[in-house]
Amino acid sequence: MDASQQHMLDAYRAAQRGELPPPPPGTGDLQALREIRQWLRFRAVVTPPADRPMARFRRAVRQALT
């Protein structure tokens, strides 16, 4: 069962019970992507330069070569 079929089933059940139907699938996708981007930007500011991924990668390569 895919997301649209599940949504139709949930909407049917909500109509039977007199409740509000759930939001359609994909409604919050853009907001989730914005929040992830905001979190990554926050982590980039908070993380010390020595602990960033490229610095850790360079350090690992240097250790492997020596």
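Is T47 buried or exposed in this predicted model? T47 is buried, at a relative accessible area of 14%; buried means under 20%, exposed over 50% and partly exposed in between, with a 1.4 Å probe and protein chains only.

**View 1. T47 and its link back to R43.** Look for T47 in the loop that joins α2 (29-46) to α3. Its side chain reaches the backbone oxygen of R43 at 2.6 Å.

**View 2. Helix α1, end to end.** Helices here are DSSP runs (H or I, at least four residues), numbered from the N terminus. α1 takes in residues 3-17, 15 residues in total, and spans 21 Å from its first C-alpha to its last. That is close to the 21 Å expected at 1.5 Å a residue, where the expected span is 1.5 Å times one less than the number of residues. Right after α1 comes G18, with a positive phi near 80°.

**View 3. Q5 on α1, with P25.** Q5 sits in helix α1 and is partly exposed, its relative accessible area being 41%. Q5 and P25 are 20 residues apart in sequence, and their C-alphas are 10.0 Å apart in space.

**View 4. Confidence along the chain.** The protein chain averages a pLDDT (the predictor's confidence in each residue, from 0 to 100) of 91, and 100% of the residues score at least 70. Among the elements, α1 has the highest mean, 95, and α3 (residues 53-65) the lowest, 90.

**Notes for all views.** Numbering starts from 1 along each chain as its sequence is written, and side-chain values use heavy atoms, leaving out hydrogens and water. As this is a predicted model, local features need pLDDT of at least 70 and side-chain atom pairs count only at pLDDT 80 or more, while totals for chains, interfaces and linings use all residues.

How values were computed:
Helices (H or I, at least four residues) and strands (E, at least two) are DSSP runs, numbered from the N terminus. A polar contact is a pair of N or O atoms within 3.5 Å; within protein, one must be able to donate a hydrogen and the other to accept it, and residues adjacent in sequence count only if both atoms are side-chain atoms.
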